[in-house]
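I sat down with this structure today and kept some short notes. Here is what I looked up, entry by entry.

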Number of protein chains: 2
Amino acid sequence: MAYPPPAGPPMGVDPLWGFFSAVAGADGQIDAEELQRCLTSSGFSGSYQPFSKETCRVMIAMLDRDYSGKMGFNEFKELWGALNQWRDTFYRFDSDRSGNIDARELQQTLTAFGYNLSPQAIGAIVRHFATDGKIVFDSFVACCVRLRVLTTSFQQRDTMRNGSATFRYDDFIQVVMGI
Amino acid sequence: MAYPPPAGPPMGVDPLWGFFSAVAGADGQIDAEELQRCLTSSGFSGSYQPFSKETCRVMIAMLDRDYSGKMGFNEFKELWGALNQWRDTFYRFDSDRSGNIDARELQQTLTAFGYNLSPQAIGAIVRHFATDGKIVFDSFVACCVRLRVLTTSFQQRDTMRNGSATFRYDDFIQVVMGI
C-alpha cells in the first residue's frame, strides 16, 4: 500500500489519542500552548482552573529530551500518568475542594512522594509557589515537576550515593535554568 | 520631642521615596503586588509593559534577607540601581525598541555582565525565558535576577575558587527553589 503509517495509535484505540491529535499539528507534536488546550479539552483539571502557560512550559521541559519545546504522544501519556498521581494526592489533602493546600499539607504530600526535606527547604518551596500561604493545584504541579527534575539531575551527579553532589558552574546553570 | 523618627527619608529628599511611600503600608515594606504598582507608577518600565507579578516576586526574593516576602526602602533603592543597569543594557541591544531581544543578543548582554556561559547553558536560559525565540524585557529582568542569585549562591560554595561546588541535597533544593 502507498499510504504512510499513521503518526500514532488509530482513533478509538487510546482515549487520550483523541484529545492529543485534535491539537497536535502535522508533526504529531504539541507545544506549551497546545498542551494547555489539550488538557483543558480533556477535562483534566476537573474542578480546578486550566493550567497556566508557565506550568505547561515546565511540564513540557520535564520530558523534552530533544529540546524542541514540544512533546509527542508517548511523552503526553507519560505526563498524563504523573498528573493523575499528583491530582489524586492533591485531592486527598484538599479535602474541602477549596482548590488549594497550605504549607503543612504540602509538606505531607512531598513526604508521601518520598522526599525528605528540611523545614528550611519546605519554606523555600512555599515562598516560591504559594500566594498568601496557599498553593493552588497549578502551582502544585509546577512544584512537583521542578522537584522531580531537580532531584533526578542531582542524583545523576551524586555518584557516591551519599546525598552530596559536585557541580561545575556551567553545568549547575544548565540544570537549574533547564526547568 | 515626643515624635517618633520617620520610617524613611522625609518627602522631597529622595525622589524614589515618593513612589515607595505611596504604596508601602504602615510597616514601610512592599510586597510583590505593591512593587508592581510602585514600578509602574514610577514610569520605570518606560516604553515596555509593566512587570509581571512573577518577575516582581523574584525581584523581592533576590533581596529578601529575612524571608518576609517584602522589601523596605533601602532594598528598593538597591533594586532600582540594578534595574537601571539592566534596562540600559537591554535598550542597547534592543536598538529598534521592539521590546525584545533574541538569543544572540542575550548571549552578548550576559557576556557584557561578565558571565562566561557555554552555548548549552545559553540554550537552557533561552528555552526558559524566550517565547518564539524572543526575550521581552520582563523575562530579561527575571533572567538577570535568577542568574545573579544562583551565581552568588554557587560562588559561596565554591570554596576553592576553581569553578566547582559541592552541595548537599537539601541545600541544593533550598538554593534552587529559593529564587
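I began with Phe167: A:Phe167 is buried, and B:Phe167 is buried too (buried is under 20% relative accessible area, exposed over 50%, partly exposed in between, with a 1.4 Å probe and protein chains only).

A note on ground rules: this is a predicted model, where local features need pLDDT of at least 70 and side-chain atom pairs count only at pLDDT 80 or more, while totals for chains, interfaces and linings use all residues. Residues are numbered from 1 along each chain as its sequence is written, chains are lettered from A and ligands numbered from 1 in the order written, and side-chain values use heavy atoms, without hydrogens and water.

Next I looked up ring pairs, where rings of Phe, Tyr and Trp (its six-membered ring) pair if their centres lie within 6.5 Å; planes under 30 degrees apart are stacked, over 60 edge-to-face and the rest tilted. I found 28 aromatic pairs over all chains. The ring centres of A:Phe167 and B:Phe167 are 5.8 Å apart with planes at 90°, so I noted the pair as edge-to-face. This pair crosses between chains, joining strand E3 (residues 164-168) of chain A to strand E3 (residues 164-168) of chain B (strands, E, are DSSP runs of at least two residues, numbered from the N terminus). Both Phe167 residues belong to one aromatic cluster, which also includes A:Tyr169 and B:Tyr169.

Last, I checked charges over rings (NZ of Lys or CZ of Arg within 6 Å of the ring centre and within 35 degrees of the ring normal). The charged end of A:Arg127 sits over the ring of B:Tyr67, 3.9 Å from its centre. B:Arg127 lies over the face of A:Tyr67, 3.9 Å from the ring centre.

Terms used
Helix = DSSP H or I, 4+ residues; strand = E, 2+ residues; numbered from the N terminus.
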